[in-house]
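Here's a walk through the fold, starting from a single residue and working outwards to the sheets, helices and cores. Have the model open while you read.

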Amino acid sequence: MSTIKLSDASVEAIALAQAKLHLRVDESDEDSLISLYIGAARNACEARTGRAITLTNFRLTMDAFPSGAIELSFPRLISVQSVKYYDLDGVFQTLAAQDYLLDAVSEPGLVYQAQGLAWPNAQERIGAVVVDYTAGYSDVPNDLMAWMLLAITDLYERRGRSSERPAVPQNFADGLLERYKVWAV
């Protein structure tokens, strides 16, 4: 089982103007550098929490349907575009949307077979089942935004490795992420 990112953020969680306001930067000659830091902060936040921060498209590939629900990594689940599989004849099929149910409240998000139905028989092969889905936040929680702004400030003001003397103690800054972290079982 593997999940890959099909698209990266088309719109960052933190706008350039918001980051510049936080940094107290008025001129535009460092806009590209600050934009780079915005993306780096989001990527670090996603890596530390195991969540998609901005709306992102993913593809989960499995060798077979599971015995129960399909777990979709990187909460929050927004939607499932398709559930596809290779049938026993090797033909790539798309499961009808009414044949499965989404649980976007659970974390990770879950896809269940519709009541009374079983997952179809898939051909034995690597990558037999493919699920394309969207996850992330349309309204990013304040704690995550605050952590990213602190990370951007640390990168901007230090412009070098900052682990020895970060602008904000890491235990405080990282504490902002704790309740959002996805823990593997």
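Let's start with Glu 46, which sits in helix α2. This is a predicted model, so read what follows in that light. Is Glu 46 buried or exposed? Its relative accessibility is 9%, and because buried means under 20%, Glu 46 counts as buried.

What does Glu 46 touch, once residues up to four places away in sequence are set aside? The list runs to Lys 5, Arg 51, Ala 52, Ile 53 and Thr 54. There is also a link across the sequence: Glu 46 and Gly 136 are 90 residues apart along the chain, yet their C-alpha atoms are separated by 9.9 Å.

**Helices α1 and α2**

Staying with α2, look at how it meets α1. Their axes come within 10 Å and cross at roughly 100°. Angles of 65 to 115 degrees count as roughly perpendicular, and α1 and α2 are therefore roughly perpendicular to each other. On the α1 side, the contact is made by Leu 16, Ala 19, Lys 20 and Leu 23, and on the α2 side by Asp 31, Ile 34, Ser 35 and Ile 38. Sorted by character, the residues of this contact come out as five nonpolar, one polar and two charged.

**The cores**

In soluble globular proteins, nonpolar side chains tend to be buried together. Here, the largest nonpolar core has 23 residues, and Ile 14, Val 140, Leu 144 and Met 148 have the most contacts inside it. Which elements give two or more residues to this core? They are α1 (16-23), α2 (31-49) and α3 (142-158). The biggest giver is α3, with eight residues.

Take Leu 144 as a way into this region. Leaving out neighbours within four places in sequence, Leu 144 is in contact with Cys 45, Thr 49, Ile 53, Tyr 137, Leu 177 and Tyr 180. A second core, separate from this one, has 21 residues, including Phe 65, Val 80, Ala 128 and Val 131.

**The sheets**

Now for the strands, with both sheets side by side:

| Strand order | Pairing | Edge strands | Average turn between neighbours |
|---|---|---|---|
| β1-β2-β8-β4-β5, open | antiparallel | β1 (2-5) and β5 (92-94) | 25° |
| β3-β7-β6, open | antiparallel | β3 (70-72) and β6 (100-103) | 20° |

In the five-stranded sheet, β4 (residues 77-86) and β8 (residues 129-135) run antiparallel and are joined by seven bridges. Along this pair, Lys 84 stands opposite Val 130 in β8, and Tyr 85 is placed opposite Val 129 in β8. On the other side of β4, three bridges hold an antiparallel pairing with β5, where Tyr 85 faces Gln 93. Tyr 85 thus has an opposite number in β8 and another in β5.

How many residues lie between β4 and β5 in their hairpin? There are five, and Gly 90 in the turn has a positive phi of about 85°.

The three-stranded sheet offers a matching view of its own. β3 pairs with β7 (residues 109-113) in the antiparallel sense over three bridges, with Glu 71 opposite Leu 110 in β7. Each of the edge strands, β3 and β6, pairs on one side only.

Notes
Residues are numbered from 1 along each chain as its sequence is written. This is a predicted model: local features need pLDDT of at least 70, side-chain atom pairs count only at pLDDT 80 or more; totals for chains, interfaces and linings use all residues. Side-chain values use heavy atoms; hydrogens and water are left out. Two strands pair if DSSP finds at least two bridges between them. Helices (H or I, at least four residues) and strands (E, at least two) are DSSP runs, numbered from the N terminus. Axes are lines fitted to C-alpha atoms, for helices over the stretch in contact, and angles run from 0 to 180 degrees between N-to-C directions. A nonpolar core is a set of buried Ala, Val, Leu, Ile, Met, Phe, Trp, Tyr and Cys residues joined through side-chain atoms within 4.5 Å. Buried means under 20% relative accessible area, exposed over 50%, partly exposed in between (1.4 Å probe, protein chains only). Contact means heavy atoms within 4.5 Å. Angles under 35 degrees count as roughly parallel, over 145 as roughly antiparallel, 65 to 115 as roughly perpendicular and the rest as oblique. Ala, Val, Leu, Ile, Met, Phe, Trp, Tyr, Cys and Pro count as nonpolar, Asp, Glu, Lys and Arg as charged, and the others, Gly among them, as polar.
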